[in-house]
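Here are some short exercises for practising how to read a protein model. Try each task yourself before you look at the solution.

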Amino acid sequence: MCMISVGKLAEVDVILQLTKACGKHMRDNGIDQWDEDYPNRDIIEHDLKTETLFAYREHNTVLGIVVLNETQDEEYKEINWSTNDNNKNIVVHRLAVHPLMQGKGIGRKLMDFAEKWAKENHYDAIRLDTYSQNPRNQRFYIKRGYKDLGPVFLQYKKEHPYYCYELILNQN
């Protein structure tokens, strides 16, 4: 049985193991998106305490996560978004599926959940970014109907840009 619900603070160590495994898997495949220190315990604990981290579980085992909040990197201001700051926009952060479970549709289920949750909570658009050196993620979001709005160089990753994507949910 699988379900997606708000993550629990008691799961912080399991979630950190999952994100560390994802980071290592990406680096092992030439994608320097998450280093050994990102995301760290403070970030995950904050996500859990603010109840913005949602966990995908099978048989009570966390296999994937996604964070949904309104926090945008400062560099997002460089992008010509389809919606503006007067709109209600949600941002996807830290979508991660344990490497041993990738390719089984869990990422798709997490994004299905995120999009449904955003609509139910009356958001106008979903924003996110993905690393330019991660073509699999780029294809994933484009297939889902997200529009590529261009690159930004995030302050903590200067070598390669991140591509910003947006999905309009409510046409006003």
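The exercises below go from backbone angles to helix packing, cores and single residues.

This is a predicted model, in which local features need pLDDT of at least 70 and side-chain atom pairs count only at pLDDT 80 or more, while totals for chains, interfaces and linings use all residues. Residues are numbered from 1 along each chain as its sequence is written, and side-chain values use heavy atoms, with hydrogens and water left out.

**Exercise 1. Unusual backbone spots**

Task: Find where P39 sits, and describe the peptide bond from Y38 to P39.

Solution: Start with the place. P39 belongs to the loop between α1 (12–28) and α2 (41–49). Helices (H or I, at least four residues) and strands (E, at least two) are DSSP runs, numbered from the N terminus. Next, look at the bond: from Y38 to P39 it is cis, with omega near -10 degrees.

Task: Work out the sign of phi at H59 and at H122, and decide whether each residue is buried or exposed.

Solution: First take H59, in the loop between β2 (53–58) and β3 (61–69). Its phi is positive, about 50 degrees, although H59 is not a glycine. With 63% relative accessibility, H59 counts as exposed. Buried means under 20% relative accessible area, exposed over 50%, and partly exposed in between (1.4 Å probe, protein chains only). Now turn to H122, in the loop between α3 (106–120) and β5 (125–131). H122 is not a glycine either, yet has a positive phi of about 65 degrees. Its relative accessible area is 60%, so H122 is exposed.

**Exercise 2. Two helices meet**

Task: Describe how α1 and α2 pack, and sort the residues where they meet.

Solution: Begin with the geometry. The angle between α1 and α2 is about 125 degrees, and their axes are 10 Å apart. Axes are lines fitted to C-alpha atoms, for helices over the stretch in contact, and angles run from 0 to 180 degrees between N-to-C directions. The pair is therefore oblique; angles under 35 degrees count as roughly parallel, over 145 as roughly antiparallel, 65 to 115 as roughly perpendicular and the rest as oblique.

Then list the partners: V12, D13, I15, L16 and T19 in α1 meet R41, I44, E45 and L48 in α2. Contact means heavy atoms within 4.5 Å. Sorted by kind, the residues of this contact are five nonpolar, one polar and three charged. Here Ala, Val, Leu, Ile, Met, Phe, Trp, Tyr, Cys and Pro count as nonpolar, Asp, Glu, Lys and Arg as charged, and the others, Gly among them, as polar.

**Exercise 3. Inside the core**

Task: Name the residues of the largest nonpolar core that touch the most other members, and find which element gives the largest share.

Solution: The core has 26 residues, and I15, I44, L53 and I65 touch the most other members. A nonpolar core is a set of buried Ala, Val, Leu, Ile, Met, Phe, Trp, Tyr and Cys residues joined through side-chain atoms within 4.5 Å. As for shares, α1 supplies the largest, six residues.

**Exercise 4. Two strand residues**

Task: Decide how accessible V6 and A96 are, and name some of their contacts.

Solution: V6 lies in strand β1 (residues 2–6). Its relative accessible area is 30%, so V6 is partly exposed. Not counting residues up to four places away in sequence, V6 touches E51, L53, F54 and R57. A96, in strand β4, has a relative accessible area of 3% and is buried. Leaving aside neighbours within four places in sequence, the contacts of A96 include L18, W34 and I65.
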